[in-house]
There are 2 protein chains.
Amino acid sequence: MMQLTSARMETMLGNDYSEQTCSVASALEVVGERWSLLIVRDIFLGVRRFEALQKDLGIARNVLQTRLTRLVEHGVLEKRLYKVRPPRYQYALTEKGLDLWPTIVALLQWGDKHAATPAGPPVVLEHRGCGGAIDEHRICARCSERLGPRDALAKAGPGAGPRSPLRERPAPRVARAA
Amino acid sequence: MMQLTSARMETMLGNDYSEQTCSVASALEVVGERWSLLIVRDIFLGVRRFEALQKDLGIARNVLQTRLTRLVEHGVLEKRLYKVRPPRYQYALTEKGLDLWPTIVALLQWGDKHAATPAGPPVVLEHRGCGGAIDEHRICARCSERLGPRDALAKAGPGAGPRSPLRERPAPRVARAA
C-alpha cells in the first residue's frame, strides 16, 4: 500500500531521488525541495497564514502555494479553517510534520555553530516552563528532560533581525503550530 | 569578518535565502541544495571517492563535481590525496561536516518512520562496540551514552537495496568518514 502511494508520487513528481533506497533520500523527497523546510520552520515559529508566510519568506506566491499544497498532500501540513465568513485558512503541522522538529533543531544548531552572524543566534530555544537551554540532543540542560516540539519555546535571540516573526508578538510556543 | 565572507558568498552564489536572518536558512544555504545532503550521507557511510559517489548517487558527473567543490569551499568536506602515483583523491568530512550528523540522523529517522518501505529501514544505526540502538535523541538505548558520529555504526537494514554501499563491504564505521 505504502509502496503504491510512493510509486504514484514518484510518477507525479518526477523525483530525482527515486533510485535511492534510503530513508534520508525518502525524507528529502518530501522536504528537500527549496523552501519546504523553511516553510515548516515558519509554522513551528507560529507563522501560519499564507500572507504571513509570504511576507516572512519573501518568495513568489505561486512558489509558496505549490510548496504548501505539496506539504499538505504529503501529510506534513494541514489546512485549517480559522474564520468562516469570509473563509480563512491557516496551515498547521500534523504529527508527521511535528516529527520534523529534530531535523529543524539540528539545522538550527548547525547554523548557529557554523554560519553564525556576529550578533549571535537569531532564535534561541528553551524548555517551556523550565527555561533551560535545549542541548544538541534535545535534552534540557537544566532539568535533563528529553524534549519534544511541544516542550520548546522559541525566542528571538540576540541576532534576530528586525523582521523576525518572533519580534512581532510575544514568543510563541513552538508547539502552537500543532 | 564572518559577515564579509557571508556577503561575498551570497553575491557569488545568488542565494535565494539571503534575506533570511535565521540559522536554519543559513544551514540550508550550505547543505540545502539538491544532492548535497545525500553526498554528505554517502561520505558518512564510507563512500568517499568520486567514482563511487557517482555510481551510488547516479547523478551527472558535472553536477556531482559542482556539489563536491561547493561543499569543500564551505569547509564541510576536504579533498585528501590517498594515492600518489597516479594522484587519487577521496573526500572526507571536516569537523564542520561531522557536525551534520544530527541532521542526517534526524532525516533518516523521519524517513524510517514516515516514508518507510514495507521491507523496513534500509540503514540501521547502532552504538559501536555496544550494539545498542540509537534512539531519536541520539542516545544509546542500551547503555544510555550520548552518541556522536564517531560512536555510530551504520549497517544494512532489512530494507537495504541490492546496490546499498553497506552491502558491498563489511559495515563501515560512520566515523570512518572523518
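This is a guided walk through a predicted model with two chains, A and B.

Let us start with how confident the predictor is. The model scores ipTM 0.84 and pTM 0.85. Chain A has an average pLDDT of 85, and 83% of its residues score at least 70. That confidence varies along the chain: among the elements of chain A, helix 6 (residues 95-98) has the highest mean pLDDT, 98, while helix 1 (residues 2-13) has the lowest, 36. Over residues 1-15 of chain A the pLDDT stays below 50, and this stretch has seven contacts in the model beyond near neighbours in sequence. Where pLDDT is low, the predicted coordinates should not be read in detail. Keep that in mind when you look at the beginning of chain A.

Now for the overall layout of chain A. Its secondary structure comes to seven helices and four strands. If you follow the chain from the N terminus, the elements appear in the order α-α-α-α-α-β-β-α-α-β-β. Chain A has 178 residues, of which 42% count as buried. Among its contacts between residues at least 6 apart in sequence, 49% join residues at least 24 apart.

Next, find the place where the chains meet. Here 47 residues of chain B are in contact with 47 residues of chain A. Four helices of chain B each supply at least two residues of the side that touches chain A: helix 1 (2-13), helix 2 (23-31), helix 3 (36-44) and helix 7 (101-114). Which of them gives the largest share? The answer is helix 7 of chain B, with eleven residues. Sorted by character, the residues on this side of chain B are 24 nonpolar, 14 polar and nine charged.

Let us zoom in on one part of that meeting place. Two packed helices are described by the angle between their axes and the distance between the axes. For helix 2 (residues 23-31) of chain A and helix 7 of chain B, the axes come within 7 Å and cross at roughly 85 degrees. Because angles from 65 to 115 degrees count as roughly perpendicular, helix 2 of chain A is described as roughly perpendicular to helix 7 of chain B. On the chain A side, the contact is made by A:S23, A:V24, A:S26, A:A27 and A:L28. Helix 7 of chain B brings B:I104, B:L107, B:L108, B:W110, B:G111 and B:D112. Together the residues of this contact divide into seven nonpolar, three polar and one charged.

Stay with helix 2 of chain A for a moment. Is this helix enclosed or open? Nine of its nine residues are buried, so helix 2 of chain A is largely enclosed by the rest of the structure. Among these buried residues are A:A25, A:E29, A:V30 and A:V31. The buried residues of helix 2 of chain A pack against helix 3 (36-44) of chain A, and also against helix 3, helix 7 and strand 3 of chain B.

That last neighbour leads us to the strands of chain B. Strand 3 (residues 123-127) of chain B is mostly covered, with five of its five residues buried. B:V123, B:L125 and B:H127 point one way from this strand, B:V124 and B:E126 point the other way, and all are buried. Strand 3 of chain B pairs with strand 4 (residues 152-156) of chain B in the antiparallel sense, over five bridges. In this pairing, B:E126 has B:L153 of strand 4 as its bridge partner.

One residue of strand 3 of chain B shows how burial is judged. Why does B:V124 count as buried? There are 20 other C-beta atoms within 10 Å of B:V124, and a residue is buried if that number is 20 or more. Leaving aside neighbours within four places in sequence, B:V124 is in contact with B:K155 and B:G157. B:V124 and B:A152 lie 28 residues apart in sequence, yet their C-alpha atoms are 9.9 Å apart in space.

Chain A offers a further example: A:A152, placed in strand 4 (residues 152-156) of chain A. A:A152 counts as buried because it has 20 C-beta neighbours inside 10 Å. Its C-alpha atom is separated by 9.4 Å from that of A:G131, 21 residues away along the chain.

Finally, look at the other pair of strands in chain B. Strand 1 (residues 77-83) and strand 2 (residues 88-93) of chain B run antiparallel and are joined by six bridges. In one of these, B:R80 is partnered with B:Q90 of strand 2. The two strands form a hairpin with four residues between them.

How values were computed. Residues numbered from 1 in each chain as written. Chains lettered and ligands numbered in written order. Predicted model: local features only at pLDDT ≥ 70, side-chain atom pairs only at ≥ 80, totals over all residues. Buried ≥ 20, exposed ≤ 12 C-beta atoms within 10 Å, placed from the backbone. Contact = placed C-beta atoms within 7 Å. Nonpolar A, V, L, I, M, F, W, Y, C, P; charged D, E, K, R; others polar. Pairing = 2+ DSSP bridges. Axes fitted to C-alpha atoms, helices over the stretch in contact; angles between N-to-C directions. Parallel < 35°, antiparallel > 145°, perpendicular 65-115°, else oblique. pLDDT = per-residue confidence, 0-100.
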